[in-house]
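Open your viewer and keep the selection tool ready. We will go stop by stop.

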Amino acid sequence: IFAIHALGAMVLSYQPLAQALGENQPFYGIQALGFEDGQQPFTELNEMVAYYTAAIKQQQAEGPYRLVGHSFGGLIALEIARQLIEIGDQVEQLVVIDTHMPVKYLDAFIDDAMMLKTFAEHNFGVVDVPLNLLRKLPKEQMVDVVAQQFNGMVSAEFIRRAITIIKGFRQMMAGYKPFPLD
């Protein structure tokens with residue numbers, strides 16, 4: 001099973017599922033590029049999908065493939081499935097969890113404070129600072145305050161990189177139009 005990251009760019013949320021499936025079920029999480037030094041986040045959807053498809057093919061040369069995507073990851077998994085099918089591979093299963101068209105959230109007002117708090121809470125735990133207080137802080141200080149909530153578990157630099165990646169995803173999806181897939 002190949003699990004594609006959600007809008008938050010990380011795959012930690014798949015850990016309980018991978019553990020529940022047991023040791024006899026290979027489970028690979030595909031995390032976004034851009035967290036490590038020297039990695040550049042993707043700016044084009046097609047490049048990202050091609051890269052992820054190649055990574056899957058490197059791990060498992062031929063199908064059938066099983067793909068899972070949560071939220072934004074469901075749309076990416078759909079496009080990976082499309083690429084695999086186009087090159088003649090079999091996709092046995094495509095699972096999309098809480099996935100919807102990006103139109104619903106692209107037009108929503110999501111400022112830096114909301115994005116920051118949502119990312120941190122989804123991946124690391126509760127941020128004990130109200131959103132309205134975060135919004136009053138300068139951007140750099142806002143990230144520092146959130147990082148301090150996790151006592152060294154995650155650095156402010158890591159969070160800054162994540163926010164950059166997430167903003168890129170939102171831009172990538174602005175022109176996305178899926179096509180039907182059998």
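Start with Tyr 51. Tyr 51 is partly exposed, at 43% relative accessibility. Here buried means under 20% relative accessible area, exposed over 50%, and partly exposed in between, with a 1.4 Å probe and protein chains only. Now select Tyr 52: this residue is buried, with a relative accessible area of 1%.

A word on the model before we move on. It is a predicted model, so local features need pLDDT of at least 70 and side-chain atom pairs count only at pLDDT 80 or more, while totals for chains, interfaces and linings use all residues. Residues are numbered from 1 along each chain as its sequence is written, and side-chain values use heavy atoms, with hydrogens and water left out.

**Stop 1: the core around Tyr 52**

Keep Tyr 52 selected and show its contacts (heavy atoms within 4.5 Å). Not counting residues up to four places away in sequence, Tyr 52 touches Ile 4, His 5, Ile 30, Gln 31, Ala 32, Leu 33, Phe 42, Ile 76 and Ile 80.

Next, color the largest nonpolar core. A nonpolar core is a set of buried Ala, Val, Leu, Ile, Met, Phe, Trp, Tyr and Cys residues joined through side-chain atoms within 4.5 Å. This one has 50 residues. Those with the most contacts inside it are Met 48, Tyr 52, Leu 67, Ile 76, Ile 80 and Ile 159. Elements giving two or more residues to this core include strand S1 (2-4), helix H2 (45-59) and helix H3 (72-86). Helices (H or I, at least four residues) and strands (E, at least two) are DSSP runs, numbered from the N terminus.

Then pick Ile 1, Ala 3, Tyr 14 and Phe 27. They are among the 6 residues of a second, separate core.

**Stop 2: the aromatic rings**

Select Phe 124 and Phe 150. How do their rings meet? They form a tilted aromatic pair, 5.8 Å centre to centre, with 55 degrees between the planes. Rings of Phe, Tyr and Trp (its six-membered ring) pair if their centres lie within 6.5 Å; planes under 30 degrees apart count as stacked, over 60 as edge-to-face and the rest as tilted. Phe 124 lies in the loop between helix H5 (112-123) and helix H6 (131-134), and Phe 150 in the loop between helix H7 (139-148) and helix H8 (156-172), so the pair ties together parts that are 26 residues apart in sequence. Both Phe 124 and Phe 150 are buried.

Add Phe 35, Phe 119 and Phe 158: with Phe 124 and Phe 150 they form one aromatic cluster. Zoom in on Phe 158, in helix H8. Leaving aside its neighbours within four places in sequence, Phe 158 is in contact with Met 10, Phe 35, Phe 119 and Phe 124. Now draw a distance from Phe 158 to Gly 34. Their C-alpha atoms are separated by 9.5 Å, though the two residues are 124 apart along the chain.

**Stop 3: the largest pocket**

Select Leu 7, Gly 8, Ser 71, Thr 118 and Phe 119. Of the 16 residues that line the largest pocket, these are the closest to its centre. A pocket is an open set of points on a 1 Å grid over the protein atoms alone, where a 1.4 Å probe fits, with protein on both sides within 12 Å along at least five of seven lines; lining residues have an atom within 4 Å of a point. The largest share of this lining, 5 residues, comes from H5.
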